[in-house]
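I opened this model to look up a few local features. My entries follow, in the order I made them.

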Amino acid sequence: MAKGIMIIVEQRNLQIRKVSLELLSQARKIADATGEPVVAVVLGQGIDELAATVTASGADKVILIDDAKLAEYTTGAYTSVLNKLIRKEEPQAVLIGNTAVGKDLAPRLAQRLGVGLASDCTGMEADSNSFLTFKRPIYAGKAFAHLTSNVRPIMATIRPNTFPVAAPDAARQAEVVKEAAEIDAADLVAILKEVAIAASKRPELTEANIIVSGGRGMKGPENYNILEDLADVVGAAVGASRAAVDSGWKEHKFQVGQTGKTVAPTLYIACGISGAIQHLAGMGSSKFIVAINKDPEANIFNVADYGIVGDLFEVVPLLTEEFKKLVNE
Amino acid sequence: MNIVVFIKQTFDTEAKIVLDGNGKIDANGVNLIINPYDEFAIEEGIKLKEKFGGEVTVVSMGGPRAQEAIRTALAMGIDKGILVNDPEVDNTDEYGRAQILAKAIAQVPYDVILVGRIAIDDGASQIAVRLAEALSIPSVSSVLKLEVAGTQATATREIDGGTETIEVSFPAVITAQKGLNEPRYPSVAGIMKAKKKPLQTLTLADLGLSAGDLSPKMIINEYSLPTPRQGGRKLAGDAAQAANELAKLLREEAKVL
């Protein structure tokens, strides 16, 4: 009998990714409603100390798989280990954050297990028939598919920022189990040579609570510093529209929209962005949208909660000063 | 070198999505394009052929309209096309489609399989990796740079906040991220030549598959459309007043600062 909600916890340099805490928090709620335990799995090297964080975030059982071969994520080793673990533990559901790791790992694991996968979900609910149902954006959020599965485990990757992180409960107790890493030689054919993380004091675009984004109205790459100044006051990420990326002002990794990243921050500040349909698809589920544009007819105003018709080169620095005052209060 | 490129025909990025009478996504009157990320895969395939020789085959699944996408790829410089055209394909999910594709690709020799990292319609980003698993070969996702020497490839892939470099032996699946290359436009001569290039159409029966082998693992209960956002208010006054008002609203009304 399949049992439990398994969360594949992602850590990088022994820091648990925020999306994993979001999944643990939401799984805890579902566990309390359904009676299914939350099983957290952590892979890596020297990960013992992470058990406490994972427990406090909602786990009933923590499985640690500690091995030098798992220190960095590789598709093969992680798939090998998790395939065996899932077959042994037989969870009802397996949830993974829709990060670079999750996007690569989940389809490989699902195929090996012979199960379905709901990718990049922005909603998950307990269901009396099928245990869990998922909501996922298609056409970059222009529509949604609502789906489930009768095959076990039911697998999903969940988009970062979908669920809030609950306050950790230091008094929680969990069973902590250590499992050996069994990695098939056939899964070690791809070799990770190098990991290069760009030094940035700003959050990842997909995980950021606040995003300051610039479009064609920025007029050139040299002007993004005014957005960066604004972003740094409130710890925001900086994004760009396709027009700005196609003009070569910003790298593609900053692009928000249907052919870039889909984001759902609490606050999205669109500066000099007209609001093309493919851009709106990528940021339309933000909780609050602010638009600053000198064209009063710009489409972005049709979706913005607050709009300022004006020259962004005048408004943004003023806004930076206003935000500084608030932060210093 | 034998190169296979898997492409998907998708709605144009400017397409507005509506539901038909059955609550399904309505494709009527929608302009169709090659999934933009697949164009990077096509370009990389052609570049590999130009460098190392060999043959590039494009494979797609879908109805008769998908032939247009294949002809465009042939016009760009791909040598031949295979289209799996079977109404049953519509009833499969990513699990089934990976099996179909694995069977279709088994018809041609391959050293490398190139695929766009995501299709902008369903956005699932599963098929390429599932295909690699179905063929028991390695894959590297979201590749920004690909260097090939003999049967070895060094791929730089995008990860959250940076990149990583991975070495694999062929055969392997590589998924293309924007930045890998600049896709070429089909030339007039290319478009003329494309008309004469071979395009083979296969059904599931031709691949030795039946609908039963491909029964979906996922159940789609329904589709829905987002609640349209309402435009809010434009803040009056000069820039200084508006900025002050906005900061106040974000703190007191929206409570996000």
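**Annotation.** I began with the record: UniProt positions are given here in the numbering used for this model, feature names are shortened, and annotations may be inferred rather than shown by experiment. In chain B, an unreviewed UniProt entry places "domain: Electron transfer flavoprotein alpha/beta-subunit N-terminal" at residues 22-211. I noted that this is a predicted model, where local features need pLDDT of at least 70, side-chain atom pairs count only at pLDDT 80 or more, and totals for chains, interfaces and linings use all residues. Residues are numbered from 1 along each chain as its sequence is written, while chains are lettered from A and ligands numbered from 1 in the order in which they are written.

I checked the annotated span next. Residues 22-211 of chain B are 29% helix and 29% strand, and the end C-alpha atoms lie 22 Å apart. Helices (H or I, at least four residues) and strands (E, at least two) are DSSP runs, numbered from the N terminus.

**Domains of chain B.** I looked up the domain bounds, which come from an automatic or database domain assignment. Domain 1 covers 2-214 and domain 2 covers 226-257. Their centres, taken over C-alpha atoms, are separated by 44 Å.

**Helix α4 of chain B.** Is this helix buried or exposed? I used C-beta atoms placed from the backbone: 20 or more others within 10 Å means buried, 12 or fewer exposed, and in between partly exposed. In α4(B), residues 127-134, 7 of the 8 residues are buried, so the helix is largely enclosed by the rest of the structure. Among them are B:I127, B:R130 and B:E133. The buried residues pack against α4 (100-113) of chain A. From chain B, their partners are α3 (94-105), β6 (112-116), β7 (139-149) and β10 (172-176). Contact here means C-beta atoms, placed from the backbone, within 7 Å. Just after α4(B), I found B:S136 with a positive phi of about 55 degrees.

**Helix pair in chain A.** I then took α5 (225-234) and α8 (312-328) of chain A, whose axes come within 9 Å and cross at roughly 15 degrees. Axes are lines fitted to C-alpha atoms, for helices over the stretch in contact, with angles from 0 to 180 degrees between N-to-C directions. The contact includes A:I226 and A:L230 of α5(A), and A:F313 and A:F323 of α8(A).

**A:T262.** I placed A:T262 in the loop between α6 (242-246) and β16 (267-271) of chain A. A:T262 counts as buried because it has 22 C-beta neighbours inside 10 Å. Not counting residues up to four places away in sequence, A:T262 touches A:P137, A:A140, A:G141 and A:G282.

Methods
Two residues are in contact if their C-beta atoms, placed from the backbone, lie within 7 Å.
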